[in-house]
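Me: Hi! Could you walk me through this one with me? I'll keep my questions short.

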There are 2 protein chains.
Amino acid sequence: MGIREDELVRKIGASMRQGSGVPAQVLLGIGDDAALFRPRPGYELILTCDWFLEGTHFLRDKHPPDSVGWKCLARAVSDIAAMGGIPRCFLLSLAVRSSDTGRWLDEFLTGLRRASRKFQCVLAGGDTTRSNEILINVTVVGEVRRGRAILRSGARAGDIVFVSGRLGEAELGLQILKRNKRDANSKDSRLKKHLYPEPRIALGRWLAEKGLATSMMDVSDGLSTDLPRLCAASGVGARVNATKIPALLIPSHGGLRGTDPLQLALHGGDDYELIFTVRPNRMKSFPRSFGGVPLTPIGVITSKRQMVLVNADGHERRLESAGWDPFREP
Amino acid sequence: MGIREDELVRKIGASMRQGSGVPAQVLLGIGDDAALFRPRPGYELILTCDWFLEGTHFLRDKHPPDSVGWKCLARAVSDIAAMGGIPRCFLLSLAVRSSDTGRWLDEFLTGLRRASRKFQCVLAGGDTTRSNEILINVTVVGEVRRGRAILRSGARAGDIVFVSGRLGEAELGLQILKRNKRDANSKDSRLKKHLYPEPRIALGRWLAEKGLATSMMDVSDGLSTDLPRLCAASGVGARVNATKIPALLIPSHGGLRGTDPLQLALHGGDDYELIFTVRPNRMKSFPRSFGGVPLTPIGVITSKRQMVLVNADGHERRLESAGWDPFREP
């Protein structure tokens, strides 16, 4: 027996409402033609949407459904964090097989609900349909105080390039997951950042409210792909010190000895850390961590529009963009 | 040679900007992590998103790409119209084969640009990725004066049920299109409403600003499916007169003699007309057209939660919901 679309919408609505209140700004949630949202005076809205597709962004037989639920929202919320905003509500577009409307959907909604509470971003509406593969698209609406959003385009020569957290951890998790013959053990701590990434909402908001960063974006496709995007938007280049990049310590056991932490950090996607730039005159008092998350200066913005990587021996080479691009042939 | 994601984004942005200005409310369009939108004081935002998928919502070999571009936006804008709002900007999520990034994409963008201008709804951002089938999701942000949105839930017993335009025309167009052996002739006037529907923005806005309708929604899945949704949201039922429904006149030539206009009008989807309810004391002065679009009273809201269809001979029967449901087996 198949499910009807109206039942599916009711199921999603009921699951997401469990034990949570809808904030006063969301006047009308699921069940009408569209959602109604009341903006706060003095704030601008941040709008973003993100694909999360079976086969492209996750694997039906490798990724636990609750991770799919968590991550589809976390990815989109990360774009709000990357502007210095806070998420307010989201729209869920979901296309599934009829056979996935039972257990898979329940677990998916559990992960989505956890993420929704953690990020304080409520479900306001969406669209559902049937498909032979699971298709997800999430739109998030965020807010930022008028004029406070941090854009990609504000970096100037001499600014210091910072990155939050560690890079490459999510890519390592993906590699471990792909090598596993069995299902993912979602308790394996090495998989945590790949399965349940945490967008840097508090950090982005702090940088925006204090006016500390001249430009910002999130690292979703890998540093070597995303930093050039920030530089292109600003009309500048960057020189990055390979030894400064906060890469992982790869343990010598566990069959990962062939893995190069620097390559993971440069080209691995899905970290959802923030890259941002800071004026050199702010460096003296600039903290090296925020809420337990390390903030690491990794290089400098240059007026020459080139991406340069400085190795440990001082040798400079061009930083080739080799991060995630869905259109690149494998 | 494949296209890179950054090139695809540039191509979309360049096409959509051709000869059009971005309104002051959209502060930052394509090219950053997210879009920035400045709400007008005294207005609420309307948020909606809509799937438009190859194989489910359109056929790659039957639907002209410019119709796909037009219709993916028109469908979502219709949800804004159905609340009495006006569209302001949209996000385009597009997943395509590499081989569709040439001519197909160009024609798609031509249709999308035409719709964007017609509806005064600008592209503010989106997401792109690769897929083996064309996947489209459109998010539209609209505005409505605070407290003026017309919901599905406001219908009361005794209210008169109105419908705009004619019903069944889009379904007839789909049937003609499917029967055609050759490509669609997009100049065939019988296909116009199926290929290039026009959401009733001006009508919805007028009803909202004048406070004329107690409830409203758009007919996207067919009257027999959508009217029960409005009634369920309002906790009421409806009695509809079959003879009053503004159905089509089917010409006796052209191989469509077996087609029943009433069945098309009751169960055909994709019309994007508006259903709305009006207090009986307003009926005397209520116009029977708006901007050339007929406004037809087709029935009455009842306190008994049933959907009843009254035939020409006065016989009453239950109105069975038989419109579009993606989860219904064909």
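Me: Which residues in α2(A) meet which residues in α3(A)?
Reply: Happy to help. From α2(A) they are A:Pro65, A:Asp66, A:Ser67, A:Val68, A:Gly69, A:Trp70, A:Leu73 and A:Ala74, and these meet A:Trp104, A:Glu107, A:Phe108, A:Leu109, A:Thr110, A:Gly111, A:Leu112, A:Arg114, A:Ala115 and A:Ser116 in α3(A). Two residues are in contact here if their C-beta atoms, placed from the backbone, lie within 7 Å. By class, the residues of this contact are ten nonpolar, five polar and three charged. Nonpolar covers Ala, Val, Leu, Ile, Met, Phe, Trp, Tyr, Cys and Pro, charged covers Asp, Glu, Lys and Arg, and the others, Gly among them, count as polar.

Me: Before we go on, what kind of model is this, and how do the labels work?
Reply: This is a predicted model, in which local features need pLDDT of at least 70, side-chain atom pairs count only at pLDDT 80 or more, and totals for chains, interfaces and linings use all residues. Residues are numbered from 1 along each chain as its sequence is written, while chains are lettered from A and ligands numbered from 1 in the order in which they are written.

Me: Back to the helices. At roughly what angle do the axes of α2 and α3 of chain A cross?
Reply: Helix α2 (residues 65–81) and helix α3 (residues 103–118) of chain A cross at roughly 40 degrees, and their axes come within 6 Å. That makes α2(A) oblique to α3(A). For the cut-offs, angles under 35 degrees count as roughly parallel, over 145 as roughly antiparallel, 65 to 115 as roughly perpendicular, and the rest as oblique. The axes are lines fitted to C-alpha atoms, for helices over the stretch in contact, with angles from 0 to 180 degrees between N-to-C directions. Helices (H or I, at least four residues) and strands (E, at least two) are DSSP runs, numbered from the N terminus.

Me: Is that crossing left-handed or right-handed?
Reply: The crossing of α2(A) and α3(A) is right-handed. The label applies if the near helix is turned clockwise from the far one by less than a right angle, and anticlockwise would be left-handed.

Me: What about α1 and α3 in chain B?
Reply: The axes of α1 (residues 5–17) and α3 (residues 103–118) of chain B come within 9 Å and cross at roughly 45 degrees. That makes α1(B) oblique to α3(B). B:Ile12, B:Ser15 and B:Met16 of α1(B) make the contact with B:Leu109, B:Arg113 and B:Ser116 of α3(B). Those residues divide into three nonpolar, two polar and one charged.

Me: New topic: how many residues does each chain put into the contact between A and B?
Reply: Chain A gives 55 residues and chain B gives 55 residues. On the side of chain A that touches chain B, the largest share, nine residues, comes from β3(A). That side of chain A has 29 nonpolar, twelve polar and 14 charged residues.

Me: What rotation superposes chain A on chain B?
Reply: A rotation of 180 degrees with 0.0 Å of shift along its axis, at RMSD 0.0 Å. That is the relation of a two-fold axis. The same surface serves both copies, as 100% of the contact residues of chain A recur in chain B. The superposition is by least squares on the C-alpha atoms of residues with pLDDT of at least 70 in both.

Me: And the sheets? In what order do the strands that start with β5(A) run?
Reply: That open sheet has six strands in the order β5(A)-β4(A)-β6(A)-β3(A)-β2(B)-β1(B), with mixed pairing. Its edge strands are β5 of chain A and β1 (26–28) of chain B, each pairing on one side only. Strands pair if DSSP finds at least two bridges between them.

Me: How many bridges join β3(A) to β6(A)?
Reply: Eleven, and the two strands run antiparallel. One example is A:Cys49, whose bridge partner in β6(A) is A:Thr139.

Me: And where β3(A) pairs with β2 of chain B, how many bridges are there?
Reply: Three, again in the antiparallel sense. There, A:Leu47 has B:Ala35 in β2(B) as its bridge partner.

Me: What is the strand order in the sheet that starts with β1(A)?
Reply: The order is β1(A)-β2(A)-β3(B)-β6(B)-β4(B)-β5(B), an open sheet of six strands with mixed pairing. β1 of chain A and β5 (122–130) of chain B stand at the edges with a single partner strand each, so one side of each is left without a neighbour in the sheet. The twist averages 25 degrees from one strand to the next.
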